[in-house]
Every structure is written in structure tokens, then in C-alpha cells.
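Visitor: I would like to look closely at one part of this structure, with the reasoning laid out slowly enough for a beginner to follow. Please start from a single residue and then go on to the surroundings that help to make sense of the fold.

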Amino acid sequence: MAAATDTRGTELGRYLKARRAQVRPEDVGLPTGAGLRRTPGLRREELAALAGVSVDYYIRLERGREVNPSPAVVDALGRALRLRGDAYERLHELAELASGRPSELPACTDHTVRDSVLRMLESVRPLPAYVVSRYNRVLAANPPGRRLMPGLWDCPEHQRNITRYLFLHPVGRTLYEPREDTVARSVAHLRAVAGADPDDPELTALVGELVLKSPEFARLWERYDVCERGGGQKSFQHPKAGPMTLTYEVMQLARTGGQRMVVYQAAPGTPDEEAMLRLEAPHPPATRAEPTPSGHPDGAPELRPARSPSQAPAAAAAAAS
């Protein structure tokens, strides 16, 4: 039990240190002083003074030796660090974890997608849609959702992770524009969902691999930026559908331990919609991939809920793809 508490206290300390490094003295009305500062951002004693706590107490917090800060102290530190929104909430969440009072969060061990959710994926076609786990592993997708991320379904099942795809897959590294904004938001979101359980095996395996293989990810991960995902807009340079900008909505799926459904769309009658609809249309025969053992060229079984007669042409097109 003591080891778990120490780990959580260290996570709070790392967050405080990372956020302290991003606040300049002039941002909080402090003089920069003469000469070169050896410490990026605020010094410990400066932050302690701004928050109204002793330097010794703050140092214990940052080193993970103090694990029970009061809500008033956490509020004061958040204000001193100029935290807002998700970043402010994450500070409180990590303080709760350090004190052994974590917010209730369902365990994220089951990657099974309910049949009703699979039917929802099929019902939103031709909109691209997929389901991800709490840590961005793609668990299911409709055909346009699979084609939205070329090459992802060639990976082994346990490696079909969107964050991993962004940093390590050759297509994923060139698919989104501007790339810098996309990867920064992806890492910030991973930080946001990771805060409640930083020792989760799925998370530690993913982060460990990416830190070793991608200096870009390691740099962004150490910033401790946090951002919850609730929808937005992404621009693609898709190798088959062409350039397109799509909006997306993120829906939390109840009783799943953190699964989310992501659905993309474009304004009707726009070039973006035309490009998006190419993800639903079958590829020309000359460019079709050889069928995989599953029988689907994208390497994943086709979702086949019952269809009415009026939907038969769409079903035939999906089967041909």
C-alpha cells in the first residue's frame, strides 16, 4: 500500500514540476532579475511564496513525500501556476490520488464492444466511426472508419492504438494536418485520461513503448499538458480520399470502463463531404487489396446487421469493398 501511495505522490510531484517549468516569472508579476536563470519557469521558492506555503512543504510535495495536501493548498497552487480548465481539474485529481481518495472510475480491462454499439457503428454509415478504449486502442470500426486510418488494421490487434499510429506508423505520421497540433492534443488527452490510474498496465505499456521509440512523444509527455476530448475538427491528407477537413463528436459509452465512440462528418454538398464519401465507396478493382483470412480487404470482419430492402444497394457496395 505504501508503494502505491508513493507512486501517486510522485505523479503529483512530477505534474507540479512540469507545470512550474512552463510559467515565466513575468507571467505572475515577478522580476526576472539579472543574468541567466538556471531554472526554466518559476523556482520552487517563488511558487511556494505565490501559493502561500513554506518552501520545505512545497519541496516535499514535489518530491512525493507529502501526499495529503488540503483542498485549499491545491487551489492556491493551481492559481499560482495559472491553471485553467482541464489542467486545473487534473491537479485536484492527482492530489486526491496522492491522498488515497481517488474518484471512482470503472476498471478498464474489458475490450469487448457490445452488439448494440456495433449496430450503431453500422447505422451511421456513410459517416466514418469507430470505438476506442480509454487509452485510444481501436476496438471496432465501420468500413469508412477503417479506411479513414490506412494501415492501422494491418497492425496486430493489440497495437491498433491511435496514439501509437500517430507517432510510429508511416501513414499516421503524415495523415493529419497540421501534425504538430494533432499530436500535441493527442498526448494531452492521453495525459488527461491517464491521471486517475497512472499505473494501469495498458497505459504503462503504451507510454513505455512510445517514450523509447519516439523522442517527439517523450518531449510532449513530459510537458504534462492535459486536454479532455469532446469533439472538434481534424484535417486530413488522405492517400486515397484526398484532402478533407471533418468535424467529429466523441460519445462516452456507459458501463464500458472508458470506451468512446467517435463519429466524423462534413457539411452536406461540400468538397469535404465528397472526399469523406470516397471512404464508403468501393475501391476500383485494380487497386483492391487481396482478401485477408477474415474475408475483408481491410483485415477486419464486416459488420452485418439486418438491412431493409431499401438498404440492399448499400450492403452490396460494402460487401464489394
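What is the relative accessible area of Arg82?

Guide: Before the answer, please keep in mind that this is a predicted model. Arg82 has a relative accessible area of 47%, and because buried means under 20% and exposed means over 50%, with partly exposed in between, Arg82 counts as partly exposed. The residue is found in the loop between helix α4 (71-80) and helix α5 (85-98), and its backbone has a positive phi of about 60°, although Arg82 is not a glycine.

A useful partner for comparison is Asn136, which is not a glycine either and has a positive phi of about 75°. Asn136 is found in the loop between β1 and β2, and with a relative accessibility of 7% it counts as buried. A positive phi also appears at Gly52, just after helix α2, with a value of about 75°; within α2 (residues 44-51), the buried residues are Glu46, Leu47, Ala48 and Ala51.

The loop that holds Asn136 leads us to the sheet, since it lies between β1 and β2. The sheet is open and has six strands, which are arranged in the order β2-β1-β6-β5-β4-β3 with antiparallel pairing. Strands β2 (138-141) and β3 (176-177) stand at the edges and have a single partner strand each, so one side of each is left without a neighbour in the sheet.

Inside that order, strand β1 (residues 129-132) pairs with strand β6 (residues 260-265) in the antiparallel sense, over four bridges. Along this pairing, Tyr130 stands opposite Val262 in β6, while Val132 has Arg260 of β6 as its bridge partner. Helix α6 (residues 115-123) packs on the sheet and touches β1, β2 and β6, with a direction that makes about 150° with that of β1. Strand β6 is also joined to strand β5 (residues 242-252), by six bridges between strands that run antiparallel, and here Glu249 has Val263 of β6 as its bridge partner. With five of its six residues buried, β6 is mostly covered.

Now we can turn to the rings of the side chains. A pair of aromatic rings is described by the distance of the centres and the angle of the planes. A search of the whole structure finds seven aromatic pairs. One of them is formed by Tyr130 and Tyr264, a tilted pair with 6.0 Å from centre to centre and 45° between the planes. This pair links distant parts of the chain, since Tyr130 is in strand β1 and Tyr264 in strand β6, 134 residues apart, and both of these tyrosines are buried. Tyr264 also pairs with Phe236: the centres of the two rings are 5.9 Å apart and the planes stand at 70°, so this pair is edge-to-face. Because Phe236 lies in strand β4 (residues 232-238) and Tyr264 in strand β6, the pair ties together parts that are 28 residues apart in sequence, and Phe236 is buried, as is Tyr264. Taken together, ring pairs link Tyr130, Tyr176, Phe236, Tyr248 and Tyr264 into a cluster.

Rings can also be approached by a charge, and Arg191 gives two examples of this. The charged end of Arg191 sits over the ring of Trp221, at 3.7 Å from its centre, and Arg191 lies over the face of Tyr224 as well, at 3.5 Å from the ring centre.

Finally, there are two peptide bonds to look at in loops beside the strands. The bond from Arg125 to Pro126 is cis, with omega near 15°, and Pro126 is found in the loop between α6 and β1. A cis peptide bond also joins Glu177 and Pro178, where omega is about -10°, and Pro178 lies in the loop between β3 and α10 (179-194).

Technical notes. Residues are numbered from 1 along each chain as its sequence is written. This is a predicted model: local features need pLDDT of at least 70, side-chain atom pairs count only at pLDDT 80 or more; totals for chains, interfaces and linings use all residues. Side-chain values use heavy atoms; hydrogens and water are left out. Two strands pair if DSSP finds at least two bridges between them. Contact means heavy atoms within 4.5 Å. Axes are lines fitted to C-alpha atoms, for helices over the stretch in contact, and angles run from 0 to 180 degrees between N-to-C directions. Rings of Phe, Tyr and Trp (its six-membered ring) pair if their centres lie within 6.5 Å; planes under 30 degrees apart count as stacked, over 60 as edge-to-face and the rest as tilted. Buried means under 20% relative accessible area, exposed over 50%, partly exposed in between (1.4 Å probe, protein chains only). A charge sits over a ring if NZ of Lys or CZ of Arg is within 6 Å of the ring centre and within 35 degrees of the ring normal.
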